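Welcome! Let us take a walk through this structure together, one stop at a time.

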Amino acid sequence: MNTGRQKRAIPGTTIFDGDVARKGYALNKMCFSFNSAENRAAYLEDKEAYCDKYGLNEQQKKAALSLQVLDMLAAGGNAYYLAKLGGIFGLDMQDVGAQQTGMTKEAFKAKLVEAGK
Amino acid sequence: MAKIVGGINVTHVPYIGRAIANNLQQDPYWKPFFDGFPPVRQWLAKVKPDIAVVIYNDHGLNFFLDKMPTFAIGAAAEYNNADEGWGIPTLPPYQGEVDLSWHMIDSLVEEEFDMVTCQEMLVDHAFTIPLELFWPGQHPCPVRTVPICVNTVQFPLPKPARCFKFGQAIGRAIESWDSDARVVVIGTGGLSHQLDGQRAGFINKEFDLMFMEKLISDPLWVTRYSITDLVELTGTQGVELINWLTARGALLGEVAKVHANYHVPISNTASGLLCMEAV
């Protein structure tokens, strides 16, 4: 058992393991802070300063400011915490799903309905 | 000794909380989901549990990556819900059952499940929404509670075979408690869904239906899969179904289906409901 272990790849999917959790810690910690309404307001007040306060690296900061979910995932973000950032901007899970799959929201919702048939 | 009256497994999705707050139960989008619950409420009215042991996963309300327990249990007189950051209403506190919590802690650690014990613990939508669905609008909730939190956030997650054994140990802990209390075991999460990545929106109806059926007839079936297998088969968050498996393990012997419902989609999730009782 070491960090050179083989990992199984699942297309379009990131396993949030120790390597990703280490990489994404600052970004996820910032998102975790958004449980507080006061912190959400402080973020909207000055987003860059807030990112700096939590020690986000340039990749994480750029991803967070652009609200590009795939970029945030690549920077180590975890869906459960990122959802709190999305919530500040009123993004629901269909907005987020559509953005990541390059579909319109309507097409993404239709895809979900289709999956139930 | 305490008696386990049965178990209920159900999906948790934050937006269910918003639908309840906005009275959308009969809205065409929500109706197929909410219509699953009256038979379960009737069953609960019949079996009259005093206590609910709720097996769920936290989504970053009580636990963060600074300290991430694999298995944690509440040992508090009261559990508070709080702001999760996505604008769903916060629900009133839930009453704990501290004596059962500590009996379970003693029993589980004796059985080599080394629990993280929490004398303070915030409970998120994965705990509150199922109780709100089973006992709608009843504040305070008419059952005392013991929350059990399973890590489904940061890998490695406990593998399915381990979760089933954990559930069996939970069942033995409850049934060895010197009390005449009646206990319902609740497992929350799943079924198939994936929120993140290019595979977002992934749903696997065939697997979900098989899983629900096997949970009644042959729960060991799912223990053949690894966590990575389950991610592939059910999505990155579909893996929350290990909470269903844990709850099923707690029912110990054979079970019969009381009621089931399955509907796709609720938000990005395949919603499931499965009520079981001992035979």
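One idea helps before we set off: the expected span of a helix is 1.5 Å times one less than its number of residues. Please also keep in mind that the model shown here is predicted.

Now try that idea on helix α6 of chain B, which covers residues 160-175. With 16 residues at 1.5 Å a residue, α6(B) should span 22 Å, and its end C-alpha atoms lie 23 Å apart, so the two values agree. Which residues of α6(B) are buried? They are B:P160, B:C163, B:F164, B:F166, B:G167, B:A169, B:I170, B:G171, B:A173 and B:I174.

Next, turn to chain A and look at a pair of helices. Helix α2 (residues 25-33) of chain A packs against helix α7 (residues 79-88) of chain A, with their axes 8 Å apart and an angle of about 55 degrees between them. Angles that are neither roughly parallel, roughly antiparallel nor roughly perpendicular count as oblique, so α2(A) is oblique to α7(A). The crossing of these two helices, α2(A) and α7(A), is left-handed. On the α2(A) side, A:N28, A:C31 and A:F32 take part, and they meet A:Y81, A:L82, A:K84 and A:L85 of α7(A). Sorted by class, this contact of α2(A) with α7(A) has five nonpolar residues, one polar and one charged.

Finally, see where the two chains touch. Chain A gives 38 residues to the contact, and chain B gives 33. On the side of chain B that touches chain A, α8 (227-234) and β9 (255-266) of chain B each supply at least two residues. By class, that side of chain B has 13 nonpolar, 14 polar and six charged residues.

Conventions. Residues are numbered from 1 along each chain as its sequence is written. Chains are lettered from A and ligands numbered from 1 in the order in which they are written. This is a predicted model: local features need pLDDT of at least 70, side-chain atom pairs count only at pLDDT 80 or more; totals for chains, interfaces and linings use all residues. Axes are lines fitted to C-alpha atoms, for helices over the stretch in contact, and angles run from 0 to 180 degrees between N-to-C directions. Helices (H or I, at least four residues) and strands (E, at least two) are DSSP runs, numbered from the N terminus. Angles under 35 degrees count as roughly parallel, over 145 as roughly antiparallel, 65 to 115 as roughly perpendicular and the rest as oblique. A crossing is left-handed if the near helix is turned anticlockwise from the far one by less than a right angle, and right-handed if clockwise. Two residues are in contact if their C-beta atoms, placed from the backbone, lie within 7 Å. Ala, Val, Leu, Ile, Met, Phe, Trp, Tyr, Cys and Pro count as nonpolar, Asp, Glu, Lys and Arg as charged, and the others, Gly among them, as polar. A residue is buried if 20 or more other C-beta atoms lie within 10 Å of its own, exposed if 12 or fewer, and partly exposed in between; C-beta atoms are placed from the backbone.
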